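Hi,

Here is the structure I promised to pass on. Have a look at it first, and my notes on strands and core follow below.

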Amino acid sequence: MRTAAGPGRVADPVGVRVPDRHLGDLREGVVSTVNGEPGAERVRHHLDGLREREIRIIRCAACGRAQFPPRSACPSCHAPGPFAWERASGQATIWSFCVFHKAYLPPPAPQPPYTVAVVELAEGPRLVTNIVDADPHTLRIGDALEPVFGPGGAPEVRFRPRRADR
Ligand SMILES: [Zn+2]
């Protein structure tokens, strides 16, 4: 039931709760601090790595698990750190994938048929990405991949089948 805004009421008749923190805050660097390292600085180092054509992962000192992209706590043992940065080898395999035959976004988003895949880095982390430079129908789980970094230094990474002649 709709009611008029009045004393003690919010103007929003459906009572939508507004989060204390917005996604835009993250872009401004208003994020939590872990072990004295601002989260924004960690994200920046991660993105700078992609711009420099490196996959930078962090490894948990407590349990040894690597993660990509960096989070504020270890997804395995939940330790808040410390973490050590490493440069991943770039070697990866297809952990899972599906082929999309419908375009949900205009270019430059991938156009059908395109592949959305879970790719497993040799160091262990898995990420959701696209597999490019391949006929999607020839791909198989476990296929070896190599990274394809974003054009013009864009901080993104996709993967393509690894070939000996490249
Ligand atoms: Zn851990």
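Phe 149 has Val 157 in strand 10 as its bridge partner. The two strands involved, strand 9 (residues 144-149) and strand 10 (residues 157-161), pair in the antiparallel sense over 5 bridges. Strands here are DSSP runs (E, at least two residues), numbered from the N terminus, and two of them pair if DSSP finds at least two bridges between them. Please keep in mind that this is a predicted model: local features need pLDDT of at least 70, side-chain atom pairs count only at pLDDT 80 or more, and totals for chains, interfaces and linings use all residues. Residues are numbered from 1 along each chain as its sequence is written.

Strand 9 also runs antiparallel to strand 6 (residues 92-100), joined to it by 2 bridges, with Thr 93 opposite Ala 144.

There is also an open sheet of 3 strands, antiparallel, in the order 4-3-5. Strand 4 (66-67) and strand 5 (83-87) are its edges, each pairing on one side only. Strand 3 (residues 56-60) shares 5 bridges with strand 5, and Ile 57 is partnered there with Glu 86.

Ile 57 is also in contact (C-beta atoms, placed from the backbone, within 7 Å) with residues including Ala 66, Phe 68 and Pro 125.

Finally, the largest nonpolar core (buried Ala, Val, Leu, Ile, Met, Phe, Trp, Tyr and Cys joined through C-beta atoms within 7 Å; buried means 20 or more other C-beta atoms within 10 Å) has 17 residues, and Ile 57 and Phe 159 are among those touching the most other members. Strands 3, 6, 7 (114-121) and 10 each give two or more residues to this core.

Best wishes

How values were computed. Helix = DSSP H or I, 4+ residues; strand = E, 2+ residues; numbered from the N terminus. Buried ≥ 20, exposed ≤ 12 C-beta atoms within 10 Å, placed from the backbone. Contact = placed C-beta atoms within 7 Å. Lists of a residue's contacts leave out its neighbours within four places in sequence.
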